[in-house]
Amino acid sequence: NAPRAVASIALDDDDDTLDEAMKALMSGRDLPPEQPVVATFTSSLDAAVRLFWKNPDTGEEVLNGEVSGGDGLRIHTHPGHTFHAYRGDELVRSFTVTAQRGGEEAFEL
């Protein structure tokens with residue numbers, strides 16, 4: 001299924017990913033599984049904050065969890081994903097993951 005896996009690579013992926021995809025296609029082997037980014041969200045706010053991932057295709061916001069003061073939330077995600085943090089109906093902050101696959105990134109509310 002290497003051609004199917006190669007076809008799933010986004011054109012804006014980094015050169016190393018595209019290079020690996022082409023090697024896999026030419027050799028008939030599968031791509032290694034994508035490594036996620038580990039994103040950690042922490043809050044020093046006094047009220048709980050709900051964290052949503054914004055689906056880039058539909059614009060739908062998908063609840064990923066809640067962060068309270070002093071707590072943290074770890075999520076496996078991908079470069080370029082956007083998250084919105086809400087306190088009640090108020091948008092507190094937006095985040096976009098910039099870490100590379102296999103990396104980690106920390107966000108503070």
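Two strands count as paired if DSSP finds at least two bridges between them, and the exercises below apply this criterion to a predicted model.

**Exercise 1. Determine which residue of β5 stands opposite tryptophan 53, and place this pair within the sheet that contains β5.**

Step 1. Begin with the residue pair: tryptophan 53 has phenylalanine 83 of β5 opposite it.

Step 2. Turn next to the strands, where β2 and β5, the latter covering residues 82-87, are joined by five bridges in the antiparallel sense.

Step 3. On β2, which spans residues 49-54, six bridges lead to β3, again with an antiparallel run, and here leucine 51 has glycine 65 in β3 as its bridge partner.

Step 4. Put the strands in order: the sheet is open, has four strands and reads β3-β2-β5-β6, with antiparallel pairing. Its edges are formed by β3 (61-67) and β6 (90-96), each of which pairs on one side only. Between neighbouring strands of this sheet the turn is 25° on average, with direction ignored.

**Exercise 2. Describe how β5 and β6 pair, and find which residue of their hairpin takes a positive phi.**

Step 1. Between β5 and β6 there are six bridges, and the pairing is antiparallel.

Step 2. Follow two individual positions along this pairing: threonine 82 has threonine 96 as its bridge partner in β6, while histidine 84 stands opposite serine 94 in β6.

Step 3. Examine the connection, where two residues lie between the strands of the hairpin and glycine 88 adopts a positive phi near 65°.

**Exercise 3. Give the strand order of the three-stranded sheet, and explain why one side of each edge strand is left without a neighbour.**

Step 1. This open sheet follows the order β4-β1-β7, and its pairing is mixed.

Step 2. The edge positions belong to β4 (72-77) and β7 (104-108), and because each has a single partner strand, one side of each is left without a neighbour in the sheet. From one strand to the next, the twist averages 20°.

Step 3. For the contact of β1 (residues 37-42) with β4, count six bridges in an antiparallel arrangement; within it, threonine 42 is found opposite glycine 72 of β4.

Step 4. As background to these assignments, strands of a sheet pair through backbone hydrogen bonds, either parallel or antiparallel.

**Exercise 4. Decide whether methionine 26 is buried or exposed, and state which surface patch includes Met26.**

Step 1. Locate the residue: methionine 26 belongs to helix α2, which covers residues 15-27.

Step 2. Compare its relative accessible area with the cut-off, since exposed means over 50%. Methionine 26 is classed as exposed because its relative accessible area is 69%.

Step 3. Consider its companions: Met22, Leu25 and Met26 make up a nonpolar surface patch, and together they have about 320 Å² of accessible area.

**Exercise 5. Summarise the protein as a whole, from its secondary structure to its surface and contacts.**

Step 1. The protein contains two helices and seven strands, and along the sequence these elements follow the pattern α-α-β-β-β-β-β-β-β.

Step 2. Of the 109 residues in the protein, 32% are buried, that is, under 20% relative accessible area.

Step 3. The exposed surface of the protein amounts to about 6800 Å², of which carbon and sulfur atoms supply 50%.

Step 4. Finally, among contacts with a separation of 6 or more, 54% are between residues 24 or more positions apart.

Technical notes. Residues numbered from 1 in each chain as written. Predicted model: local features only at pLDDT ≥ 70, side-chain atom pairs only at ≥ 80, totals over all residues. Heavy atoms only, no water. Axes fitted to C-alpha atoms, helices over the stretch in contact; angles between N-to-C directions. Buried < 20%, exposed > 50% of the residue type's maximum accessible area, 1.4 Å probe, protein only. Contact = heavy atoms within 4.5 Å. Areas by Shrake-Rupley, 256 points an atom, 1.4 Å probe, with all protein chains shown as cover. Patch = residues over 30% accessible without salt bridge, like charges linked within 9 Å, V, L, I, M, F, W, Y side chains within 5 Å. Salt bridge = Lys/Arg side-chain N within 4 Å of Asp/Glu carboxyl O.
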